[in-house]
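Good morning, everyone. Please bring up the model on your own screens, and I will talk through its pockets, its cavities and its cores.

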Amino acid sequence: MAKTSEHLEEATIRFAGDSGDGMQLIGTQFSETSGVAGNEVNTFPDYPSEIRAPEGTLYGVSAFQVHFGTHHIYTPGDTIDVLVAMNAASVKVNLPTLKAGGMIIANIEGFDERNLKLAKYTTNPLDDGSLSGYEVHAIDFHKEIKAALGELDISSKLIGKTKNIFALGLTYWLFQRPLDATIAWINKKFKGKDDIILANVHALRAGWNYAQKNPDFKTQYVIDRSALSPGRYRNITGNEAIALGLVVAAKKASMPLFLGSYPITPATDILHAISGYKKYGVKHLQAEDEIAGICSAIGAAYGGSLAVTTTSGPGLSLKTEAMGLAVMTELPLIIVDVQRAGPSTGMPTKPEQGDLLMAMFGRHGEAPMPILAAASPADCFDITLEAARIALKYMTPVLILSDGYIGQSSEPWKAPTVESLPEIKAYFATDPTDFSPYKRDEKTLRRQWAIPGFEGMEHRIGGLEKEDISGNVSQDPANHEKMVHLRQEKVDRVAQDIPEAVVEGEQEGDLLMLSWGSTYGAAKTAYERMRASGHILSFVHLRYMNPFPRNLDDILNRFERIALPELNSGQLQFLLQAKYLKRIIGIHKVQGKPFKSRELEEKLVNLLTEKEILV
């Protein structure tokens, strides 16, 4: 039977199986290849917290979702068009988000009696008619790979490890993806292991050929190239973008870069990525704990480096005392918090925006610091450069809030040239005759930064309160109060040096939606979809959380109602209401999952039709 082609604007595919089935690997390959094919891509790695969760269970399902299309893609997709399921549990967990009539490609090896029992099925869904509303392709992956590789001397054990690659080849046929990029990746990753290369390349082609020859696969889907501006693109995760942003910021500032951190999910990838930039003079320390990580970074800042520490969730708790030390010493320091669901160990691989109040207030004494929040994986690069600029210009620690979703998901990123990026300047003291460690710049209130070892600029810093200008240890009550106000005023003045918030849509009126952090994608999609359908609402996304943009008060007062989606119970809602005395309508989700744009759209439509909003 002849195959047909159908053009689509966008599609969402989800690879799901056990933790050891390689779903993250083939999901990453599919997203990379879709980028090579010229599509816009957004991804969502969704996996259990345990390194090896119980096999075959509903709890242990690991998945990677890819949303790709011809227009700008802001989210990993609300519903799934194609579900690749390696076992019964993968079907049961993901069926609620598979669209009606969607496709299931199931490996029947994972639907034996044991797997069905673990997935709490009493009958096999591939046989009992319960999936009649979907296009189901039940395939014995192992049998097909073995048949395709029959003439090769490949062990049965190795064949079993290529099932994910077979599935990848099949989906490549389905969406007309090229094989070359993945074959090149296989050759590079398994260099020197010829049998593994042979098995994987043949399994990839076997998957493609199976779909090509099997009459049940009637249609290939074509998604045209996106109309991207000319340039050099790569897919980048938020964590990779932060690491790269740090390297570039150090180069722009002509400073050595030092990262002191302790590994913790989901921030560890930043440490991994930084370790690959040694050729640029990057120094990194995998410290024995979080406290050592941040304290080593403070020491590096004292010595004249662009200093950074990274962490997630409970790691931020352990850094709190040293964060206060960074505020007291008034040294530039970048602190990256890739938020995860808490409290305590919580759900380490799941995203949440639960650390905002801790970022604002989680220190003893009054210890303010600027806080920035990244909106997307690519924005992590820009926000890192901005954090470095503020930290160096104002001599202050700056906290970047990312989260597990944007930290590990990816999207296309147009790589800029270093020359096209804004300058970042470090303000070192160079004149011994005019040096006092706490003498301040009149405009920014930054203190003088002298690298140890220069004659005439010897000084001490530390956690004890300092005398204004001289920096001598002081317990004078009036001096302490003055220094508290100076440190706060310095952070407040950052507001004069950041962009004003931008309102999309009407500049005043009934309903304004605010968003921050990773809620940007779902909020932006919901806003654009509602505007296209004739609804009247406006939209502002916040990247600066402390201080807020200087025009935010004016914006909030131009609208009757403000709606604010957050992946917490209302932390930014609390801050805005306290500061601006304006009622904010909170839309909350605390499930360890990002918002779907449809969820927000439903609640906003309820607001516009004056129904009670469901929170």
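Before I describe any lining, let me fix the terms: Ala, Val, Leu, Ile, Met, Phe, Trp, Tyr, Cys and Pro count as nonpolar, Asp, Glu, Lys and Arg count as charged, and the others, Gly among them, count as polar. Please also keep in mind that this is a predicted model.

With those classes, the lining of the second largest pocket divides into eleven nonpolar, 15 polar and five charged residues. That pocket holds about 770 Å³ of space, and of the 31 residues that line it, Y47, T237, N239, D269 and Q408 lie nearest its centre. Two or more lining residues come from each of α1, β3 (40-46), β9, α9 (238-252), α10 (268-274) and α16 (404-408).

The largest pocket has a volume of about 1,300 Å³ and is lined by 49 residues, with D21, G22, L25, N164 and I165 lying nearest its centre. The elements that contribute two or more residues here are α1 (23-36), α5 (156-160), α6 (163-174), α7 (180-189), α8 (194-213) and β9 (233-237), and the largest share, eight residues, comes from α1. In this lining I count 13 nonpolar, 22 polar and 14 charged residues.

Turning from pockets to enclosed space, how many cavities of 30 Å³ or more does the structure hold? There are two. The largest has a volume of about 60 Å³, and its lining is formed by Y74, T75, P76, Y405, S518, T519, G521, A522, L567, P594 and F595, which divide into seven nonpolar, four polar and no charged residues. The second largest, at about 40 Å³, is lined by V327, E330, P368, M395, T396, P397, R487, K490 and V491, and this lining comprises five nonpolar, one polar and three charged residues. Helix α17 (residues 477-493) gives the most to it, with three residues.

One of those lining residues, K490, is also in contact with T444, as are K393, Y394 and R493, leaving aside neighbours of T444 within four places in sequence. T444 itself lies in the loop between β16 (410-414) and α17. Is T444 buried or exposed? Its relative accessible area is 2%, and because buried means under 20%, T444 counts as buried.

Next, the nonpolar cores. The largest has 98 residues, and the members that touch the most others are L257, I274, L306, L399, W516, L572 and L576. Helix α15 (residues 379-394) gives the most to this core, with ten residues. Apart from it lies another core, of 46 residues, including M103, I159, F166 and L170. Coming back to W516, its contacts, not counting residues up to four places away in sequence, are Q339, Q353, L356, A373, L401, H541, L542, M545, L564, E566, N568 and L572.

I will finish with helix α21 (residues 597-608), where a simple geometric check is possible. At 1.5 Å a residue, its twelve residues should span 16 Å, and the end C-alpha atoms are indeed 16 Å apart, so the two values agree. Within α21, the buried residues are S597, L600, E601, K603, L604, N606 and L607, and they pack against β17 (509-516), α18 (520-532), β20 (559-566) and β21 (585-588). Just after α21, E610 takes a positive phi of about 60°.

Conventions
Residues numbered from 1 in each chain as written. Predicted model: local features only at pLDDT ≥ 70, side-chain atom pairs only at ≥ 80, totals over all residues. Heavy atoms only, no water. Core = buried A, V, L, I, M, F, W, Y, C linked by side-chain atoms within 4.5 Å. Buried < 20%, exposed > 50% of the residue type's maximum accessible area, 1.4 Å probe, protein only. Helix = DSSP H or I, 4+ residues; strand = E, 2+ residues; numbered from the N terminus. Contact = heavy atoms within 4.5 Å. 1 Å grid on protein atoms, 1.4 Å probe; cavity = no way out; pocket = protein on both sides within 12 Å on 5 of 7 lines; lining within 4 Å. Points joined across faces, edges and corners; volume = space filled by probe spheres on them. Expected span 1.5 Å × (residues − 1).
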